[in-house]
Amino acid sequence: AYTDLVIGLLVTLGCLIALPVMMAHAGGWNALRGALPQNHFQPLGGMTWVEALGYFFPTFTLMVGNQSSYQKFFSARSERDARLSVAGWVVGTILLETVIVVLAMVGGVMFRPEIQSGALPAWGIIPYTARHGVVPLVGAVFLGAVFAKVISTGNNYLFSPATNVVHDVLQRLTMKGASDRALLRLSRMVVIVLGLIALAQSFQPSILATAVYAYDVY
């Protein structure tokens, strides 16, 4: 929970600080509108409803089916806290994802020649902009936000299986009377072990590791 809090604050502050600075470097809102196609500023962006829903539903089902989110909700101290966390999660996600999309749009305008020449792949716009498109201090905070988001994803892939191992296997079979403090200590140890196993797989690629990685990416 403490790690998530720090990561969430860093990502949010990094994006909110970087956006106005990048907008100023790009020439402001009017310059952005003039540099992009007009359909970029329409609700559907020139797509049909079928095409728009094709983008919406994969993201929607990913969010509502994310096991790490449910893990956090069920860790709430009360039902009221869980309801508040869900509401905050929905509102916060919509706002922050919108900011991230706008950041990518601004970066795309700032470095259009590099993108058109193929020197800058589209997926690298945000970190490239953080490195080259803003003053060093803001860029450092923004890059910190980018890496924090990556670390958050890695944490989720460690915390969820650690919870399964401790509560669904060890506690059920061998530690039925264990205290919460003992289970917490064990969970932290299991996270470290799983992290080392994942690191070992990254150095020793195999068919199994490749299949697991492909599934995670999917």
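Are helix 8 and helix 9 roughly parallel or oblique to each other? This tour of a predicted model begins with that pair.

Select helix 8, residues 136-173, and helix 9, residues 180-203. Their axes lie 9 Å apart, and the helices pack at an angle of about 125 degrees. Angles of 65 to 115 degrees count as roughly perpendicular and those over 145 as roughly antiparallel, so helix 8 and helix 9 are oblique to each other. The crossing is right-handed.

Now show the side chains where the two helices meet. On helix 8, pick residues including L158, F159, V165, V166 and L170. Facing them on helix 9 are L183, L186, S187, V190, V191, L194 and G195. Sorted by class, this contact has twelve nonpolar, four polar and no charged residues. Keep L183, L186, V190 and V191 selected: they belong to a core of seven residues, separate from the largest one.

Move next to the largest nonpolar core, which has 20 residues. Select C15, A18, M22, L32, L103, V106 and F142, the residues with the most contacts inside this core. Helices 1, 5, 7 and 8 each give two or more residues to the core, and helix 1 gives the most, with eight.

Centre on F142. Beyond its neighbours within four places in sequence, F142 is in contact with G14, C15, A18, M22, L103, I126 and A130.

Finish at L19 in helix 1. L19 has a relative accessible area of 17%, so this residue is buried. Setting aside neighbours within four places in sequence, L19 is in contact with V99, V102 and L103. From L19 to S179 the C-alpha distance is 46 Å, across 160 residues of sequence.

How values were computed:
Residues numbered from 1 in each chain as written. Predicted model: local features only at pLDDT ≥ 70, side-chain atom pairs only at ≥ 80, totals over all residues. Heavy atoms only, no water. Core = buried A, V, L, I, M, F, W, Y, C linked by side-chain atoms within 4.5 Å. Buried < 20%, exposed > 50% of the residue type's maximum accessible area, 1.4 Å probe, protein only. Helix = DSSP H or I, 4+ residues; strand = E, 2+ residues; numbered from the N terminus. Contact = heavy atoms within 4.5 Å. Axes fitted to C-alpha atoms, helices over the stretch in contact; angles between N-to-C directions. Parallel < 35°, antiparallel > 145°, perpendicular 65-115°, else oblique. Left-handed = near helix turned anticlockwise from the far one by under 90°. Nonpolar A, V, L, I, M, F, W, Y, C, P; charged D, E, K, R; others polar.
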